[in-house]
Amino acid sequence: MSTRLRHCIRTSLVLATMLCVCSVSGSIAVAKSPSAKSPNVVFILADDLGWSDTTLYGTTKLYKTPNIERLAKRGMTFTRAHSASPLCSPTRASVLTGLSPARHGITSPNCHLPQVVLTATPGTSVGGNKPSILPSPVTRLATDYPTLPKTLKRAGYATGHFGKWHLGAPPYSPLEHSFDVDVPHWPGPGPAGSFVAPWKFPDFDPQTPNEHIEDRMAKEAVDFMTQHRDEPFLLNYWMFSVHAPFDAKQDLIEAYREIVDKQSPQRSPIYAAMVESMDDAVGTLLDKLDELGIADNTIIVFTSDNGGNMYNVVEDTTATSNAPLRGGKATMYEGGTRVPLVISWPGHVQGGSTSDALANSCDFYPTLLEMLGMKPDAGQSFDGASIVPALRGEPMNDNTVFTYFPHDPPVPDWMPPAVSVHHGDWKLVRLFACGKDGGHRWKLFNLKDDIGETIDLASQRPELVRELDQRIEKFLQRTNAVLPIANPNFDPAAYDVSREGEPGAGHYGSKVSNKPKNKKRANRKTFAPVAGWTSSGDCDLKLVNGSLVIESVGEDPFISTELDAPSPPGDFVLELTAASNSSGDGQVFWREQGTNAFSAERRLQVDMLHDGQMHTYRVPLAADKPITGLRIDPSRDAGTITITGITLLTHRDDVVKHWSFRQ
């Protein structure tokens, strides 16, 4: 058992008799016989695992997920389950609260950034080539929400969170949200540095060389189950897999290299190895439940926080493919939100069964309450609904799902800020302020006939568009959503509708420039430093109004600097404040004394937000030797990146070097 686990576990109150547990916010009725032990709940949430990334739906020939299939034989597989958002943090907040991102306000994955914002607000300005002004989202899950762990803890459950959180550092960590245990107590968007040790989690060291983080997390989780085998428990196993950075066990990678079909859209041996390790962790949990003799009294939910990642490059290909679905993570097409879902409920759900009922991340909280015979707090409501009827093979009443995503990251198949409704076989997407005179525009798809969303039927079915859009409008009013607003300075001549959905299409649909794109300019090697930074990629660098502005016309803009004097070894933070309308992930490199070049061994990925708004990123650097230089790769494509501040700090936030861009 890890040190953190020993120190975080609290003494649980065993629920041995039928109680009515009262609190300030209301009461919970536990409908159990005096001798019955309440069912355990194991909630397994994969990260970025697409609908076609498992063997559940017959859409992959490469990936191996026998343990997820094993779970499916114990429960029900849903074919039309959706995440609450095409990005991770919003979905995670919805799982815990049962509320839509439209209501809780976490609509982008920015909960690792330093600013604490607890209320969404309307945006204020944007350039003339964007039809709408995006709202400013929430950056932390406030601790005053009624949540699933709070409900179960008051009912006598032990509560443990293992793996990714990404809803805020303390005082917004799992420990402040009624989890007794939080391992490895990490607020970041992905694993710290690597999936395979040595990793960079603070106070959480590997136990063996080359230890895989999912192997370790699963071990910590089964230790928790063993300790609480005689009392009910809620186990959140929220995987780091299969989010970037893309690395895996070397033996698995090499094994998949031998069998990859290079003509298949799923052809990354690294990603396939990551999927296998993810599945192995599921098997570890199932094995322990069987060994402890508590599998028949344990509810298991397995799902993903959003669709598969189609836009990060792994070696010479994309990470995965969501085919036959269109799009992927960060898009409003099915590939962005349709996810695998299996629910096991022994004695209640027929093993090996399937359901085509619509399901959504907001549904899990009310569903689990009904499964456990509990009631919500007095006055508590949900944006989701219990799917227990579907689990019992019965029809759902009004099977409708809403997705709110008021952002437009320029990944392949991107849309302008949007909201969608799934109702029956139909899906309607409202594009905010993208129509005539600042009105909306719509896309309509029949998913039964056109799962790949290739045929927009909005112009052919105007009456259905009106009917479904009325549902959207009622949903937005009911959730008090902070909406994108029409841009009063929008210039239609600067926006090319035909380029919507193109990866990195200028500034979200901007008119094409006459300047050649993605072509190296002759004799571009190194250039005179600007404010101490040199551009060595396909970009121009200049100072504008107290900011360092990178104008990129190529595929990999980056800037670098030499430190005036080498820093001492140790842990540092590079703080970067920037706005971007480019695309792709960012990277930070540091060079250590004794080396002449920046290398992958000293590199960290940064999930840059390319929404044109200013964000602050804090990147942890662990230097074994003195740092002599820094390099920042803010994006992967053409565009403008405006940097207002760069600071190198110690881990105690003492300033090592600050770069000022005021002339």
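**Exercise 1. Get a feel for the whole chain.**
Work out what share of the contacts with a separation of 6 or more comes from residues 24 or more positions apart.

*Solution.* Residues 24 or more positions apart supply 70% of the contacts in the chain that have a separation of 6 or more. Keep in mind that we're looking at a predicted model. Next, the secondary structure: the chain has twelve helices and 29 strands. Then burial: 60% of its 663 residues count as buried. Finally, the surface: the accessible area of the chain is about 25,400 Å², and carbon and sulfur atoms hold 50% of that.

**Exercise 2. Classify two helix pairs that involve helix 8.**
Decide how helix 7 and helix 8 are oriented to each other, then do likewise for helix 6 and helix 8.

*Solution.* Start with what you need: the angle between the axes and the distance between them describe two packed helices.

Step 1: take helix 7 (residues 250–257) and helix 8 (residues 269–292), whose axes are 8 Å apart and make an angle of about 125 degrees. Step 2: compare that with the cut-offs; roughly perpendicular covers 65 to 115 degrees and roughly antiparallel starts over 145, so helix 7 and helix 8 are oblique to each other. Step 3: add the hand, which is right-handed for this crossing of helix 7 and helix 8. Step 4: find the residues that touch. Helix 7 brings Leu252, Ile253, Tyr256 and Arg257, and helix 8 answers with Pro269, Ile270, Ala272, Ala273, Glu276 and Ser277.

Step 5: move on to helix 6 (residues 213–227), whose axis comes within 9 Å of that of helix 8, with a crossing angle of roughly 20 degrees. Step 6: roughly parallel applies under 35 degrees, so helix 6 fits that label with respect to helix 8. The crossing of helix 6 and helix 8 is right-handed. On the helix 6 side, the contact includes Glu214, Ala218 and Met225, and on the helix 8 side Ser277, Ala281 and Leu292 are among the residues involved.

**Exercise 3. Follow the side chain of Thr60.**
Is Thr60 buried or exposed, and which backbone nitrogens does its side chain pair up with?

*Solution.* First, place it: Thr60 sits in the loop between strand 3 (40–46) and helix 2 (66–72). Its relative accessibility is 13%, and the cut-off for buried is under 20%, so Thr60 counts as buried. Now look for polar partners: a polar atom of the Thr60 side chain lies 3.2 Å from the backbone nitrogen of Leu62, and the side chain also reaches the backbone nitrogen of Tyr63 at 3.2 Å. Beyond four places in sequence, Thr60 touches Ser52, Thr54, Thr55 and Gln266.

**Exercise 4. Do the same for Gln380.**
Find where Gln380 sits and which side chain it joins in a polar contact.

*Solution.* Gln380 belongs to the loop between helix 10 (364–371) and helix 11 (388–391). With 16% relative accessibility, Gln380 counts as buried. Its side chain makes a polar contact of 3.3 Å with the side chain of Tyr365, and it reaches the backbone nitrogen of Asp377 at 2.9 Å. Setting aside neighbours within four places, the contacts of Gln380 are Pro146 and Tyr365.

**Exercise 5. One residue in a helix.**
What is the relative accessibility of Ser89, and which residues does it contact?

*Solution.* Ser89 is part of helix 3 (residues 88–97). Its relative accessibility is 0%, so Ser89 counts as buried. Outside the four-place window, Ser89 contacts Ile106, Ser108, Pro109, Cys111, His166 and Leu167. For a distance check, go from Ser89 to Pro101: twelve residues along the sequence, 9.4 Å from C-alpha to C-alpha.

Technical notes: Residues are numbered from 1 along each chain as its sequence is written. This is a predicted model: local features need pLDDT of at least 70, side-chain atom pairs count only at pLDDT 80 or more; totals for chains, interfaces and linings use all residues. Side-chain values use heavy atoms; hydrogens and water are left out. Helices (H or I, at least four residues) and strands (E, at least two) are DSSP runs, numbered from the N terminus. Buried means under 20% relative accessible area, exposed over 50%, partly exposed in between (1.4 Å probe, protein chains only). Contact means heavy atoms within 4.5 Å. Accessible areas come from the Shrake-Rupley method with a 1.4 Å probe; for residues, only the protein chains shown count as cover. A polar contact is a pair of N or O atoms within 3.5 Å; within protein, one must be able to donate a hydrogen and the other to accept it, and residues adjacent in sequence count only if both atoms are side-chain atoms. Axes are lines fitted to C-alpha atoms, for helices over the stretch in contact, and angles run from 0 to 180 degrees between N-to-C directions. A crossing is left-handed if the near helix is turned anticlockwise from the far one by less than a right angle, and right-handed if clockwise.
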